[in-house]
Amino acid sequence: MLLRIIPSDRISSTEVKTLERVYVVGHRNPDTDSVCSAIGYAHYKAEVEKKKQFIPARCGELTNEALFVLDYFKVRPPIFLETLEPTVEDLELKDPIFVSPDTPVYDVAMLMEGKGIKNVPVVSRGKMIGVVTESNLARVYVRRLKIEPLVIHPVPLEQLVRVLKAEVVCDHLKEKTISGKVHIAVDALHVLLGKIEIGDVVIVGDNEPSQIALLEKGAKLMIIVNNAPVSSRVLEIAKEKGAAVLRVKFDAFGAAKLINLALPVTLVMSKKFPTVTKRDTLEDVKNIVFTSKLRAAFVEDEKGKLLGVITRTDLMKDVRKKVILVDHNEITQAPEGVEKAEILEIIDHHRLGGLSTLNPVFFYNEPVGSTSTIVTEFFLRDGVKMEREIAGVLLAGIVSDTLFFKLSTTTEKDRAMAGFLARITKLDLEKFAKKVLKEGMKIPENVDPLDLLKRDVKVYEMGEESFAVSQIMTSDFSVLLKEKEKFATALKSLKGELGVTHCFVLFTNPIEEASLVMVEGDQRILEKAFDGAEKKDGLFLLKGVMSRKKDFVPRIGDILRRER
């Protein structure tokens, strides 16, 4: 089953398009609880607030453990958000107005005037191939496309008739497409006849001898201007020669100009135009639009399909992503660009961090072992129906974040909510927990130690001091000790990359209920925080320390606070 974030039996596809989007997102380097609580809370909110679209999201790669859980319950992973900065997707784009390649210039001009737009995309087989601008139209009107003499490229006769608003006096054409040179009968007749070729178009006034001579010479289409009369003799010759005769109210100059406007837009369109995707940030789009001669950018999907047009007016609006943060409340752990987003809610179980908002928000923080525990309680509190798949991912979040109730952060509420979820899923809780934790402790072969450290690392600020703590779960310390030197090098790189004062990594073994700690920075901080900690192969062995947020970070933070 694919996760239903919006109850499809209650909201139509048309309504979904207009619903306000709210992203439910966890912290950077998302762990299983961050992912599962985002999915669960998005589903909960969709049930209690049906006029919004709640989308579970993540801002990092999924761990093996999280991938296992999602695959186990066949739940779609949260979408990946590289940043919470407003992007093109956050704009309310209208369906684009565009034309096909064979559309006459005249129709585009009328479209621009009628819709009050300055750029019209030209689309072929779903993809944009050009754009017609006001400048393009101006050039068509003031000059003959740099073509001398005037030439009609293949144009359907009916299109020419429509643009010229012409009366079809007679039509004996076998092929209903007009092409060839266009001549205006202003020269002496003998001069003009010397230029005419079979199949050409002639524009002529009230001059029967000229009309007859031009048809005899092979003119395919004759355009009579100023509503001049057409004799029966002219009509007989037109029939004999297989030609067509049109009559217009304009003079010769006006008719020639309108013929220009009957040409297909492909002859006048610009083939260079700026394009953006739905994932591009509005800051980047602004730079494109304000430096473009078109003062616009065209939105395309990954297959090149035109989705919309962005103008300067669109970029004048105050657009922000609406987000709900779960499993964190510290700016150092929040997704990139969070300061440019509109935070609606925060659901967490960690210490209070330095995250601030412009507007009041719903902030729920409870010292339990998992954010998934809090989300589960919300379902129960409000009597919201929970599907088995949602219960499954929330159960995995609790199991993972409490190490199946072994961490000191575990509360009776965690146990109670896990039992409730196990009954819904009809799973053997202990067997399921072992499967989840087994996946979490798997370390892929030939993995880069630096990548492994980055998978679950959190940054904390304490005044002018800052420190990072990475945590790696293992069932065998000896496996990691063999790569001790590589991890030491990687930890040094991580410290520099994060720009922190101190960097720690906890190698946590739930079976032995202990952690080995490696330090890059001042080791005396760790010695003071854990007085008497024994050394093992150059690392600190901390027995009973398994929870980063409760057993480790508070004690490190306390030392840093006292020594400021």
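**Exercise 1.** Work out in which sense strands E9 and E10 pair, and over how many bridges.

*Solution.* Start by finding the two strands: E9 covers residues 201-204 and E10 covers residues 221-224. Strands here are DSSP runs of E with at least two residues, helices are runs of H or I with at least four, and both are numbered from the N terminus. Two strands count as paired if DSSP finds at least two bridges between them. E9 and E10 have 4 bridges, in the parallel sense. To see it up close, look at Ile203, which sits opposite Ile223 in E10.

A word on the model: it's predicted, so local features need pLDDT of at least 70 and side-chain atom pairs pLDDT 80 or more, while totals for chains, interfaces and linings use all residues. Residues are numbered from 1 along each chain as its sequence is written, and side-chain values use heavy atoms, leaving out hydrogens and water.

**Exercise 2.** Place E9 and E10 in their sheet, and find which strands are at the edges.

*Solution.* First, read the order: E6-E8-E9-E10-E11-E7, an open sheet of 6 strands with mixed pairing. Next, check the ends: E6 (151-156) and E7 (167-171) each pair on one side only, making them the edge strands.

**Exercise 3.** Find which residues Val69 touches beyond its neighbours within four places in sequence.

*Solution.* Use contact as heavy atoms within 4.5 Å. That gives Thr32, Cys36, Val393, Ala396 and Val436. Now step back to helix H3 (64-72), one of the elements that each supply at least two residues to the largest nonpolar core.
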